[in-house]
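Me: I would like to go through this structure with you, one topic at a time. Please keep the answers plain.

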Number of protein chains: 2
Amino acid sequence: MIKMNPHYAKLNASYLFSTIAQKIEAFQAAHPDTDLIRLGIGDVTHGLAKPCVDAMKQAADEMGSDTGFRGYGPEQGYEFLRAAIAEHDFRSRGVEMSADEVFVSDGAKCDSGNFLDVLAADIQVGVPDPVYPVYVDTNVMSGRTGTYSDGRYEGLAYLEGTRENGFVPPPPSYHLDLIYLCFPNNPTGATATREQLSAWVAYAREHEALILFDAAYERFIRSPDVPHSIYEIDGARSCAVEIRSFSKTAGFTGTRCAFTVVPKEIEVSDGNGSVRSLHSLWNRRQSTKFNGVSYPIQRSAEAVYSPEGTHAVDSRIQYYMENASIIRERMERAGYAVTGGLDSPYIWVETGTDSWSFFDRLLNEAGVVITPGVGFGRMGEGFIRISAFNHREKVEEAMERIVRAL
Amino acid sequence: MIKMNPHYAKLNASYLFSTIAQKIEAFQAAHPDTDLIRLGIGDVTHGLAKPCVDAMKQAADEMGSDTGFRGYGPEQGYEFLRAAIAEHDFRSRGVEMSADEVFVSDGAKCDSGNFLDVLAADIQVGVPDPVYPVYVDTNVMSGRTGTYSDGRYEGLAYLEGTRENGFVPPPPSYHLDLIYLCFPNNPTGATATREQLSAWVAYAREHEALILFDAAYERFIRSPDVPHSIYEIDGARSCAVEIRSFSKTAGFTGTRCAFTVVPKEIEVSDGNGSVRSLHSLWNRRQSTKFNGVSYPIQRSAEAVYSPEGTHAVDSRIQYYMENASIIRERMERAGYAVTGGLDSPYIWVETGTDSWSFFDRLLNEAGVVITPGVGFGRMGEGFIRISAFNHREKVEEAMERIVRAL
């Protein structure tokens, strides 16, 4: 009989967000009248900005006419979008970037999983703990780990984020080939300083390692001295791939557009004493296994960079960040130690109990959904993540209910 | 230094369509005044049907309002689209299908490559020859082949399509675990009869193998007795996955929407004496590595099934099939043996010379781009593929020029 990928059998059966969904379903069945407030899954709540909607509609009309119609687009994304990204997200911040180093995709989640395709199976991988579960699961699925026990997979190196290191794990004393970093961090909301990122870049260069830098939340950075891109660090262009998304910044979670930057300097070993360009490997992967993002969606993403689009997106971010302040302030006032919420839409709260008990308590006593920290790894035990993505009145109501319940 | 996936080094450097693009570029630089006609890459030329455009625009408006906004959708696709597909593409033809067996995606190319993720590396894979290059390349990239020589990869079984078998290779006498079938065929335009498909289903059941059935061109079938789906064959639900796309049928090549059907009956071995559901494996893959298709795009695809959408799509298909008749008839009249073009938008022509010489001749002497058959495999040598996707006047002009040049 045809065999399955045996590595799938190693996957820890419960996927964080499905477990949460099941608990919510059970709660709602038992309390059909409670108006549940969701500050759990990091999904945005505000409509797309008008320039993005208008651009999508105009492109839809183009697609409906024989003269304006566009068939297969470039797998890497249209030049108009790649150029806008290179200019506005990088060069305007003094970072060197050419349009053809930007690969447009349908999601940061997809890219972070797919990127493993171009790397060898026998590499030493380091992931933070706590961490976005997709980094871990895609390594498991592709056979880069051993079995699961006690909250961890054999063969993966876990870089521990703690209150003491401000949830920014430093480079380890041992060798890694591939390192996942995410700042502003999901789930902790922590940011890395220029010095902390520089230490990672120096480590990667010394070890000839690759950093997969997830900057999906960069637009939430308020502090002027926090780097938005790993490429603001000298030397990063030879050792780091950066993944970004329109999901959280421009409300594209259901619209689907993201991008991955692969500088042309990055070299990888072919295992036989020669090197190859990582850019050309990723290009080959995308050309063969992907067909580009829908044209109207790329036009919609391009509109994010128009003056009106920028303004509309900034005001949405500002709104969510005011939510974050409210959440942070209320939890602090209630006596909890918190991280995040200053340069990130996530607030990471130390609960004093185990994560799932606290989750159950907030669900059952306050009717509020948050995310249990332990779902992000063993080091997340004893924490919860609260998301600032919701309408103001919901956030205020949720915090009132939480404070009352605690 | 971090190592690349070593299997990428095995890839035959020239990707068919890039080589064609380079030849075209060189020709256009040398002949800037020639109005090149493209009957090469199978990309549609007609605008989206109005109901599809309208649905996309309406959904864009919904996304722009806080009340109508939708964030993350189900990774598997929205119920409204899965249900429409199950009903109109399958149940209306008497084929058993439930909505949750349909996984909506952004492309058939992506799905056909990604599906390998859930299968073991050490399986015996059979591909037709000639064949859509993506089936082969994704097997190479995922380490399921040896090295390339003389137009073939070691370790892959090639199922030869010839004029004698009507380009429908019969099941082999040896064992295979995974078999790619595509009908109506790309590139040959051949279709498989009920008896031929039944033989494959019987083979797959006997060998406990899996058929990956690519039906991207099913809507071009005119002959009433040709099956549109592998599931029209008894027993196929336990051994076949079917991939379909809106690309060619509804002109979605640049809009991006497709789907893969995984019946719940299919079991695969876990390699340790137990079995797993392929449906649940694919669901896990998609949940972890994919985030669903853009909501406005799914609404646009749903509109294909409205009465107006169906009518508009049918009339486009009819138009392309009239092109196919013209191409077929002209080439036959010019004395060439042809296949396809009756239930498929592709016409497969025996050239009497090698494929690339014929390609060069048509490019240089007629200013017409077609696809050299050898690009689809060794058995394609001596053939070319002509695509019927173009405007009528272009097709007529191209055929006049070709007949004149030959």
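Me: How is chain A divided into domains?
Reply: This is a predicted model. The domain assignment of chain A gives domain 1, which covers 6-47 + 308-405, and domain 2, which covers 54-304. Their C-alpha centres lie 25 Å apart.

Me: And how many residues of each are in contact?
Reply: In chain A, 34 residues of domain 1 are in contact with 40 residues of domain 2. On the domain 1 side, α10 (307-333), β13 (338-340) and β14 (346-350) of chain A each supply at least two residues. α10(A) gives the most to that side, with five residues.

Me: What is the make-up of that side by class?
Reply: The side of domain 1 of chain A that touches domain 2 of chain A has 14 nonpolar, 14 polar and six charged residues.

Me: Switching to the two chains: how many residues does each put into the contact?
Reply: Chain A gives 71 residues and chain B gives 71 residues. On the side of chain A, the elements with two or more residues are α2 (50-63), α4 (108-114), α5 (133-141), β11 (267-269), α8 (278-289) and α9 (295-302). The largest share of that side, seven residues, comes from α2(A).

Me: What about residue classes there?
Reply: The side of chain A that touches chain B has 33 nonpolar, 20 polar and 18 charged residues.

Me: What operation superposes chain A on chain B?
Reply: A rotation of 180° with 0.0 Å of shift along its axis does so, with an RMSD of 0.0 Å. The two copies are therefore related as by a two-fold rotation axis. In chain A, the C-alpha nearest the axis belongs to A:K57, 2.5 Å from it. The same surface serves both copies, as 100% of the contact residues of chain A recur in chain B.

Me: Back to α9(A). Is it mostly covered or uncovered?
Reply: α9(A) is mostly covered, with eight of its eight residues buried. Among them are A:Y295, A:I297, A:R299 and A:E302.

Me: What covers the buried residues of α9(A)?
Reply: The cover includes α2, α3 (79-90) and β2 (102-105) of chain A, together with α2 (50-63) of chain B.

Me: β2 makes me think of the sheet. What is the strand order?
Reply: In chain A, an open sheet of seven strands has the order β2-β10-β9-β8-β7-β3-β6, with mixed pairing. β2 and β6 (157-160) of chain A stand at the edges with a single partner strand each, so one side of each is left without a neighbour in the sheet. From one strand to the next, the twist averages 20°.

Me: How do β9 and β10 of chain A run?
Reply: They run antiparallel, and four bridges join β9 (residues 240-245) to β10 (residues 258-261) in chain A. The bridge partner of A:S245 in β10(A) is A:A258.

Me: Now the backbone. Is the peptide bond from A:F183 to A:P184 cis or trans?
Reply: That bond is cis, with omega near -10°. A:P184 is found in the loop between β7 (178-182) and α6 (194-207) of chain A. In chain B, a cis peptide bond joins B:F183 and B:P184, with omega about -10°.

Me: What is the sign of phi at A:D150?
Reply: A:D150 has a positive phi of about 55° although it is not a glycine. A:D150 lies in the loop between β4 (148-149) and β5 (152-153) of chain A.

Me: Why does A:D150 count as exposed?
Reply: A:D150 counts as exposed because it has 5 C-beta neighbours inside 10 Å, and the cut-off for exposed is 12 or fewer.

Terms used:
Residues numbered from 1 in each chain as written. Chains lettered and ligands numbered in written order. Predicted model: local features only at pLDDT ≥ 70, side-chain atom pairs only at ≥ 80, totals over all residues. Contact = placed C-beta atoms within 7 Å. Nonpolar A, V, L, I, M, F, W, Y, C, P; charged D, E, K, R; others polar. Domains from an automatic or database assignment. Buried ≥ 20, exposed ≤ 12 C-beta atoms within 10 Å, placed from the backbone. Least-squares fit on C-alpha atoms with pLDDT ≥ 70 in both. Pairing = 2+ DSSP bridges. Axes fitted to C-alpha atoms, helices over the stretch in contact; angles between N-to-C directions.
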